[in-house]
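Have the model open beside you and follow along. We'll take one strand pairing as our way in and work outward from there.

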Amino acid sequence: MKLLLGTLFFTITSLSAYDYALKPVRVTSDVHCFFGKPEIMDKTNNGNIVNSCYIDAEEGYVVVDTGPSYAYAESAYNAMKKIKSLPVKLVINTHIHDDHWLGNNYFTEQGIKVLATDDFKVNADMSIPTRMQTYISPEAYAKTVPTLPTEMISSDTILTVGNQKLELKIAKHKAHTAKDMVVYLPKSKVLIAADLVFNDRLPSVRGGDINGWLSALEDLDKLGAAHVVGGHGNRTDKDAAQMTREYFTQMRNEIRAAIADGLGIDETIKKVSMDKFKKYKLYEGTHRHNVESSYRVLEWE
């Protein structure tokens, strides 16, 4: 019996102690980010496919997106404490895709506020298993409890945390999701653009709107950011959104031309192959669906 209990304790402890071995990358002196792999989630990467950032506000950290699991959030915070041991003052979720917020309960269990848009009330379905629960390992998912933000907003908001002014801006139209939020830091001219910006891998517009996405990118350009951190991809210079913009601009032009020529959706999918983008990760599994989704939007213009 003692052996059984000991084995059980060891198993539970092991399940709750998964370490992603995350390494923060310095973007500016007050912003460090963790950059995920340009892959789909599986039991090898355990959902480490997403970017999340820590903002040093002097009196504490502001966390933008908590990642795919409790263990991810814990691993990220432990890594940041090695740079500067600060408490977390605020957590921000940029949108409803679960790779960005399933680490929430690591912070809410400590009484830390999690802020997001009210889209979570509408489109975050808590009644079904999350993608991460389905596709990553039980060890990595252990202790993860899908947890909604504790406060939700419906319009642009300006906050001050410590020595940081945070401009939270919500896309005016459906883009990557129904409500995408970005965080702009005027002090260091850092834009944490989340999934409005992809590089290294193709963006996915399924469930979104190509027109709204391109419009959102135009609005982000007006901020004049010196550093742009996307939701996926390692590029963080001022032109980090270039690939996303070029990809969707070319796609929209080619689909509109195909529609004008009377091509149906299947013919358009075959024609709009956009071969120069084949070099980007996840082209094979993403591009066809992007054309299909965008055709269904553009045919009604």
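Start with Val-91, whose bridge partner in strand S6 is Val-114. Bear in mind as you look that this is a predicted model. The pair belongs to a junction between S5 and S6 (residues 114-117), where 2 bridges hold the strands in the parallel sense.

Now step across S6 to its other neighbour. S6 and S7 also run parallel, and 3 bridges join them. To find the spot on screen, look for Ala-116, which stands opposite Met-152 in S7.

Zoom out a little and you can place these strands in their sheet. It is an open sheet of 7 strands with mixed pairing, and the order reads S1-S2-S3-S4-S5-S6-S7. S7 (151-153) is an edge strand, and so is S1 (25-28): each of them pairs on one side only. Going from one strand to the next, the twist averages 25°.

Over at the S1 edge, the pairing goes the other way. S1 and S2 (residues 31-34) run antiparallel, with 3 bridges between them. Here the residues to pick out are Arg-26 and, opposite it in S2, His-32.

What lies across the sheet strands S2, S3, S4 and S5? That's helix H2, residues 70-83. H2 runs at about 145° to S2, and the other strands under it are S3 (52-56), S4 (61-64) and S5 (88-92).

Next, move along the chain to helix H7, residues 210-221. Its 12 residues reach 17 Å from the first C-alpha to the last, close to the 16 Å expected at 1.5 Å a residue. Just ahead of the helix sits its cap: Asp-209 closes off the N-terminal end, with a side-chain oxygen 2.8 Å from the backbone nitrogen of Asn-211.

Which residues of H7 are buried? They are Ile-210, Gly-212, Trp-213, Leu-214, Ala-216, Leu-217 and Leu-220. These buried residues pack against two strands, S10 (181-185) and S11 (190-198), and against two helices, H8 (242-260) and H10 (283-298).

H10 gives us a last stop, since we can pick out one of its residues, Thr-286. Is Thr-286 buried or exposed? It counts as buried because its relative accessibility is 6%, and the cut-off for buried is under 20%. As for its company, set aside the neighbours within four places in sequence, and Thr-286 is in contact with Leu-202, Pro-203 and Ser-204.

How values were computed: Residues are numbered from 1 along each chain as its sequence is written. This is a predicted model: local features need pLDDT of at least 70, side-chain atom pairs count only at pLDDT 80 or more; totals for chains, interfaces and linings use all residues. Side-chain values use heavy atoms; hydrogens and water are left out. Two strands pair if DSSP finds at least two bridges between them. Helices (H or I, at least four residues) and strands (E, at least two) are DSSP runs, numbered from the N terminus. Axes are lines fitted to C-alpha atoms, for helices over the stretch in contact, and angles run from 0 to 180 degrees between N-to-C directions. Contact means heavy atoms within 4.5 Å. The expected span of a helix is 1.5 Å times one less than its number of residues. Buried means under 20% relative accessible area, exposed over 50%, partly exposed in between (1.4 Å probe, protein chains only). A polar contact is a pair of N or O atoms within 3.5 Å; within protein, one must be able to donate a hydrogen and the other to accept it, and residues adjacent in sequence count only if both atoms are side-chain atoms.
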